[in-house]
Amino acid sequence: MNRFARLSAALLVCAATAAPALAAPATYTVDGTHTFPRFSYSHFGLSTQLSKFNKTSGTITLDKAARTGAVDITIDMTSVDTGYETFDGHIQGEDFLDTARYPTATFKSTAVTFEGDKPVAIDGDLTIKGVTRPVTLKVSNFTNMPHPMLKKDAIGADATVVIKRSEFNAGKFAPNVGDDVTITVALEAIQN
């Protein structure tokens, strides 16, 4: 076998063994120290109130070659942080989050839309207070790169959706306190 034929055969073997590895989906674990769902709403038309949840967990599966993905997130609703401890307790009450009966909220994707190699929208089911509704998160930023400190593959994203809190049995004082709630998620996840 001549030199060119051996080189071609070697390249084919390398390509054949590398292709399955490149096409395999990767699973990422949500980094709870850098993932914060925030929510905002109008307070009597006076101001836009901003709050967040401090504890989030979950997994993201990403297949870059196939341009598919899956998101499974759980938010600890008892970790709500309004910036005022008394109001944290108030918003966890039965009229709003009712965390005594529903301590978590979940988002489970049903489809991920890509433009090129980046996700731009995530359809899924959002469950709050035992009520599940379909929503679409709009992804405004997506990055996939090696984490500079952990030296593992990482993803980061910012995504937003607007919901009506009354549709999740949390509509007390609407419309004076805005029914429309903007949920913005800053997410980071590390490959397993």
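Trainee: In the hairpin of β7 and β8, which residue takes a positive phi?

Mentor: Start with the hairpin itself, which has two residues between its strands. Keep in mind that we're looking at a predicted model. The residue with a positive phi near 65° in this hairpin is Gly 116.

Trainee: And how many bridges does it take to pair β7 and β8?

Mentor: β8 covers residues 118-128, and the two strands pair in the antiparallel sense. One pair to look for is Val 112, whose bridge partner in β8 is Ile 122. For β7 and β8, the number of bridges is nine.

Trainee: Which residue in the turn between β8 and β9 has a positive phi?

Mentor: β8 carries on to β9, residues 131-146, with eight bridges joining the antiparallel pair. Asp 123, for instance, has Thr 136 as its bridge partner in β9. The two strands form a hairpin with two residues between them, and the one in the turn with a positive phi of about 55° is Lys 129.

Trainee: How many strands does the whole protein chain have?

Mentor: Try reading along the sequence: the pattern goes α-β-β-β-β-β-β-α-β-β-β-β-β. That comes to two helices, and the number of strands is eleven.

Trainee: In the pairing of β10 with β11, how many bridges are there?

Mentor: Let's go through the pairings of β11, including those with β1 and β2. β1 (residues 26-30) runs antiparallel to β11 (residues 180-191) and is joined to it by three bridges, and there Tyr 28 stands opposite Gln 191. β2 (residues 36-43) is joined to β11 by five bridges, also antiparallel. β10 (residues 153-164) pairs with β11 in the antiparallel sense too, with Ile 163 facing its bridge partner Val 181, and the bridge count for β10 and β11 is eleven.

Trainee: What is the bridge partner of Pro 37 in β11?

Mentor: Pro 37 is one of the residues closest to the centre of the largest pocket. Its bridge partner in β11 is on that same list of closest residues. The partner is Val 185.

Trainee: About how much space lies in that largest pocket?

Mentor: Rolling a probe the size of a water molecule over the atoms shows where empty space is left. For the largest pocket, that space comes to about 850 Å³.

Trainee: Which class, nonpolar, polar or charged, has 41 residues in the lining of that pocket?

Mentor: There are 50 residues lining the pocket, and Ile 75, Leu 126 and Ile 183 are among those closest to its centre. Sorting the lining by class gives eight polar residues and one charged residue. The class with 41 residues is nonpolar.

Trainee: How many residues make up the largest nonpolar core?

Mentor: In soluble globular proteins, nonpolar side chains tend to be buried together. Here, residues with the most contacts inside the core include Phe 39, Phe 107, Leu 126 and Ile 183. Leu 126 touches, among others further off in sequence, Phe 107, Val 135, Ile 163 and Ile 183. The residue count of the largest nonpolar core is 40.

Trainee: Is Glu 94 buried or exposed?

Mentor: First find Glu 94 in the loop between α2 (85-91) and β7 (104-115). Asn 169 is 75 residues away in sequence, yet the C-alpha atoms of the two are 9.4 Å apart in space. The cut-off for exposed is over 50% relative accessible area. Glu 94 has 59% relative accessibility, so it counts as exposed.

Trainee: Which residue in the loop between β4 and β5 should I look at, given a positive phi of about 55° without being a glycine?

Mentor: That loop runs between β4 (56-63) and β5 (68-76). The residue counts as partly exposed because its relative accessibility is 46%. Its phi is positive, about 55°, and its name is Arg 67.

Trainee: Last one: which residue does a cis peptide bond join to Ala 174?

Mentor: Go to the loop between β10 and β11, where you'll also find Phe 173. Phe 173 isn't a glycine, but it has a positive phi of about 70°, and it is partly exposed at 44% relative accessible area. The cis bond has an omega of about 5°, and the residue it joins to Ala 174 is Pro 175.

Notes:
Residues numbered from 1 in each chain as written. Predicted model: local features only at pLDDT ≥ 70, side-chain atom pairs only at ≥ 80, totals over all residues. Heavy atoms only, no water. Core = buried A, V, L, I, M, F, W, Y, C linked by side-chain atoms within 4.5 Å. Buried < 20%, exposed > 50% of the residue type's maximum accessible area, 1.4 Å probe, protein only. Contact = heavy atoms within 4.5 Å. 1 Å grid on protein atoms, 1.4 Å probe; cavity = no way out; pocket = protein on both sides within 12 Å on 5 of 7 lines; lining within 4 Å. Points joined across faces, edges and corners; volume = space filled by probe spheres on them. Nonpolar A, V, L, I, M, F, W, Y, C, P; charged D, E, K, R; others polar. Helix = DSSP H or I, 4+ residues; strand = E, 2+ residues; numbered from the N terminus. Pairing = 2+ DSSP bridges. Lists of a residue's contacts leave out its neighbours within four places in sequence.
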